[in-house]
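This briefing covers one buried position, one charged surface patch and some totals for the chain. Please look over the sequence and the model before reading on.

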Amino acid sequence: MHNFAVSGGFQLSNLRLPHPTLDFLRFKRHEEKAEDANFTAIVSTPVIIDNLVFGEYLAGNSVADIVAKIQQEPDMVEAHEFAVAEYVKGQLYLMQYLEYYMHRPRYFLEQRHLLPLGEKARTDLIERYYAFDEAVMLQYLSRKLNSRTRTYLPEVATKTGVPISSCKRQFENIKRIAKQSEDEEGVPLVNEIMDKFALPEPLAKKYAHILFLNINRVDTTKRCLSHFKFADFDFCASTLILYWTTMSSTMTLDDIDEPLTQHAQQLKSLLVENKTNFDRLCTAMCNHIATMAAKTPADAPAVNGGSSSPSQALLHVLETRNTRGTTQLRAVLRTSFSLVASIDASSTLRDVLGTIVEKIVDTFASLGLSSEDMELFYDLVAAEGALMLADTLADPGPSIQALNRTLTGTKLLGRRLFRRKPSLFGPLNKIRPT
């Protein structure tokens with residue numbers, strides 16, 4: 001078995017030893033001779049934390065399941081089942097004792113007299129205890145962390161195949177982190193989690209993303225989002241925080257960047273609602289694509305197995321001005337700016353992911369464009385739009401920065417949520433990449 005062992009489990013006992021004579025001791029005047037002396041003996045017994053059993057305990061498996069798994073190891077095949085079961089029970093008692101301190105990780109790290117564990121061993125235990133199954137955590141997204149969600153745990157266990165005790169541990173962990181972080185203001189949530197729970201930065205970021213989605217009730221349960229995994233929503237939360245909130249963002253709506261929303265509204269009026277400027281933007285993008293195509297070798301490999309590059313597919317849509325394609329791309333751009341302009345409204349933030357899929361991703365798919373076309377479109381709008389703003393505004397800096405943040409965030413979200421599986425939209429699936 002794969003174990004790491006530490007000394008611990010101290011037992012203290014007082015031994016009273018009689019002495020017939022203590023003449024060899026010299027006492028001061030105020031001291032008297034004693035007939036005996038007291039000694040304190042410390043007996044140390046090794047404490048072994050079995051990594052295999054600890055992992056199975058966190059997974060919520062029973063004693064019988066753990067015993068069966070241990071007996072599958074080559075050096076344990078002939079071990080007596082009763083002896084192995086007693087060993088496992090002893091390990092589980094130890095882990096139940098440790099679990100109290102896992103709920104107080106910073107205290108566990110600082111009080112080294114509790115168990116003589118090294119710092120790395122302690123941090124490893126904490127990290128493993130707060131690790132989670134992505135399939136389980138996916139079920140907790142968009143839900144309030146309250147007693148009503150706790151009654152949903154049996155259904156979570158059934159859907160994911162994870163034992164209910166493990167589902168409960170993961171739910172209580174996220175609830176504990178949320179409770180201890182909810183009153184902090186002006187401190188990045190990731191830093192707060194790392195400080196209070198001694199978690200590594202990657203895991204702390206995941207918890208911060210989960211809390212951002214849950215506290216702001218970002219809807220991840222829509223049918224158009226049903227086939228996406230936890231990693232997809234984790235990426236989306238990271239993008240929302242990075243591009244559309246303030247630098248000191250925590251998990252509250254107050255940290256949505258208000259200047260950004262104001263600039264986004266102005267950009268929509270200037271670049272989209274103004275038809276003359278939008279036509280100029282389309283012309284500039286067509287010229288840019290034509291220049292790119294002239295520099296591309298004729299024998300360049302096709303994209304996604306197709307016959308034309310993304311730039312040519314997008315150019316074909318942009319060149320047919322005043323048609324369905326250009327109208328829909330204009331609607332896409334309007335939606336992109338409108339999302340950011342009203343992202344400080346709870347209803348907009350709640351539906352942001354569904355809106356991107358239904359109004360942006362599906363629009364590109366209906367035009368026969370790929371995710372690469374969508375990415376190129378946003379890059380061109382950002383580049384050419386910045387040039388237009390520089391020519392139009394006296395102080396274009398803040399507007400150009402808002403333009404880049406708005407379009408980059410939308411582009412990354414759309415690229416991640418570009419559908420790659422059949423959905424309810426029938427014929428649209430035929431033109432999406434597989």
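**Surface charge and core packing**

Arg-143, Lys-144, Arg-148, Arg-217 and Arg-350 together form a positive surface patch. The model is predicted. The points below take up one member of this patch, then a residue in helix H16, then the chain as a whole.

**The positive patch**

- Arg-143, one of the patch residues, sits in the loop that links helix H6 (134-140) to helix H7 (147-150).
- The relative accessible area of Arg-143 is 31%, so this residue is classed as partly exposed, the class between the limits of 20% and 50%.

**Phe-337**

- Phe-337 belongs to helix H16, which spans residues 324-341.
- Phe-337 counts as buried because its relative accessibility is 0%, and the cut-off for buried is under 20%.
- Beyond its neighbours within four places in sequence, Phe-337 makes contact with Ala-264, Leu-267, Lys-268, Leu-271, Val-272, Leu-403, Thr-406 and Leu-407.
- Among these partners is Ala-264; its C-alpha is 5.4 Å from that of Phe-337, although 73 residues separate the two in sequence.

**The whole chain**

- The protein chain contains 20 helices and two strands.
- It has 434 residues, of which 44% count as buried.
- Among contacts in the protein chain with a separation of 6 or more, 70% are between residues 24 or more positions apart.
- The exposed area of the protein chain is about 22700 Å², with 53% of it supplied by carbon and sulfur atoms.

Terms used. Residues are numbered from 1 along each chain as its sequence is written. This is a predicted model: local features need pLDDT of at least 70, side-chain atom pairs count only at pLDDT 80 or more; totals for chains, interfaces and linings use all residues. Side-chain values use heavy atoms; hydrogens and water are left out. Helices (H or I, at least four residues) and strands (E, at least two) are DSSP runs, numbered from the N terminus. Buried means under 20% relative accessible area, exposed over 50%, partly exposed in between (1.4 Å probe, protein chains only). Contact means heavy atoms within 4.5 Å. Patches are made of residues with over 30% relative accessible area and no salt bridge: like charges are joined within 9 Å, nonpolar side chains (Val, Leu, Ile, Met, Phe, Trp, Tyr) within 5 Å. Accessible areas come from the Shrake-Rupley method with a 1.4 Å probe; for residues, only the protein chains shown count as cover. A salt bridge is a side-chain nitrogen of Lys or Arg within 4 Å of a carboxyl oxygen of Asp or Glu. Lys and Arg count as positive and Asp and Glu as negative; His and the chain ends are not counted. The place of a charge is taken as NZ of Lys, CZ of Arg, CG of Asp or CD of Glu.
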